[in-house]
Amino acid sequence: MKAITLLGSTGSIGTQTLDIVAQYPDQFRIVGLAAGRNVEMLAAQIRQFRPSIVAICVEDKLPELKEAIADLDPQPILLAGEAGIVEVARYGEAETVVTGIVGCAGLLPTIAAIEAGKDIALANKETLIAGGPVVLPLIEKYDVKVLPADSEHSAIFQCLQGVPDKGLRRILLTASGGAFRDLPVEKLAQVKIADALKHPNWSMGKKITIDSATLMNKGLEVIEAHFLFGLDYDRIDIVIHPQSIIHSLIELQDTSVLAQLGWADMRLPLLYALSYPERIYTNWEPLDLVKAGNLTFKAPDHQKYPCMQLAYAAGKAGGSMPAVLNAANEQAVALFLEEKIRFLDIPRCIEQVCDRHTADNCTNPLLEDIVNADRWARQEAIAVCEALDSRMVR
């Protein structure tokens, strides 16, 4: 059995990963779990999967977690806080660490896992977006595998199997278009939080669902693809594909195009990342092209989705700029979800923060530089949003 540690066990990625482990108990076992603050769900996971080590990020919740599993024998090692999550990431005999923590909070635990020689099933895109200049050399130094566990990059990775070196010409990332793909751009000023959270195809956490509505998720995926697959930004394109059946495509040097298709089900890329290079039989619903019907495509509207261009610009600027972009976006999305800014203030905030960082962009950042840039950008985003004097969303 492959030994797995799961970071972000109570989130969307985490629960679907555990569904796979439960379905294939002869293939996988859980060594470690780390979660944010959901004691009830985490305690239930501990009871079912019996990990050796567990961490909960919110330290005040540790006594409640201890009480919830007090009758278990043997007891797992119980830790708390960010340091606890880092310890879980590097612990013991786990072969693969699934990084399902949302946002830049996943960066330090992922680095710890790499330094401990663990392969990474990468569901936390911010690890490479913010930390790419630091993380890539560590991957090479410790000779670990980084297997993409989100649908788009998994699709690219799967299509690349058997492609010779220098055979790749272009990457095409598909985007659903998010909650507002059929909404005229002039109506975006009136949208509410509940509207932005109604994703037409995927069931995801709040933050990534908002990113999908702004299409920042796709801009961030462009940066991640640059680091994962080594292509220049002018060779990574985005296409709107409302049905979410084709999860991404690659174009080869001879203009052949390869695509990976499947129903919108996050378990597929997760299973491949966990089982690579094997293919495990599942009883999941196979793709029926007749049932899927027409597959359509269109170019993204940059007026409607300015976040995409902001991401391309940050990626091309390089250095600490992608970390600033990512942190400003996380903070702006959080403020939107707290009803402190409007939907269209999200890209306005990000653009201003990135502009203010231009003179201070660190070309070859160390981990300390990235952490400092992240912290600065969050504070700056709050200040920018206050200056925007947005009306409260009602």
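In this predicted model, the structure holds one cavity of 30 Å³ or more, and the space in this largest cavity comes to about 50 Å³. Its lining is made up of Thr214, Lys304, Pro306, Cys307, Phe343, Leu344 and Pro347, a set that divides into five nonpolar residues, one polar and one charged.

From the cavity we can turn to the part of the chain that UniProt, in an unreviewed entry, annotates as "domain: 1-deoxy-D-xylulose 5-phosphate reductoisomerase N-terminal", with residues 4-132 as its extent. Over residues 4-132 the chain is 43% helix and 22% strand, and the C-alpha atoms at the two ends of this stretch lie 24 Å apart.

An open sheet of seven strands, with parallel pairing, follows the order β4-β3-β2-β1-β5-β6-β7. The edge positions are taken by β4 (77-80) and β7 (146-148), each of which has a single partner strand, so that one side of each is left without a neighbour in the sheet. From one strand to the next, the twist averages 20 degrees. At the β7 edge, strand β6 (residues 119-122) pairs with β7 in the parallel sense over three bridges, and here Ala121 stands opposite Leu147 of β7. Helix α4 (residues 81-90) packs on this sheet, where it touches β1 (2-7), β2 (28-35), β3 (53-56), β4 and β5 (96-99), and its direction makes about 150 degrees with that of β3.

A further open sheet is formed by four strands in the order β9-β8-β10-β11, and in this case the pairing is mixed. Here β9 (236-240) and β11 (257-261) stand at the edges, and because each has a single partner strand, one side of each is left without a neighbour in the sheet. The twist in this sheet averages 20 degrees from one strand to the next. Strand β8 (residues 168-175) and strand β10 (residues 246-252) run antiparallel and are joined by five bridges, with Ser248 in β10 as the bridge partner of Leu173.

Helices also pack against these four strands. Helix α7 (residues 151-160) lies across β8, β10 and β11 and runs at about 40 degrees to β10, while helix α10 (residues 216-229) touches β8 and β9, its direction making about 150 degrees with that of β8.

The remaining annotation, again from an unreviewed UniProt entry, is "domain: DXP reductoisomerase C-terminal", which covers residues 261-379. Over residues 261-379 the chain is 57% helix and 1% strand, and the end C-alpha atoms are 41 Å apart.

Note on methods. Residues are numbered from 1 along each chain as its sequence is written. This is a predicted model: local features need pLDDT of at least 70, side-chain atom pairs count only at pLDDT 80 or more; totals for chains, interfaces and linings use all residues. Side-chain values use heavy atoms; hydrogens and water are left out. UniProt positions are given in the numbering used here, feature names are shortened, and annotations may be inferred rather than shown by experiment. On a 1 Å grid over the protein atoms alone, a cavity is a set of points where a 1.4 Å probe fits but cannot get out, and a pocket is an open set with protein on both sides within 12 Å along at least five of seven lines; lining residues have an atom within 4 Å of a point. Grid points are joined across faces, edges and corners, and a volume is the space filled by probe spheres set on the points. Ala, Val, Leu, Ile, Met, Phe, Trp, Tyr, Cys and Pro count as nonpolar, Asp, Glu, Lys and Arg as charged, and the others, Gly among them, as polar. Two strands pair if DSSP finds at least two bridges between them. Axes are lines fitted to C-alpha atoms, for helices over the stretch in contact, and angles run from 0 to 180 degrees between N-to-C directions. Contact means heavy atoms within 4.5 Å.
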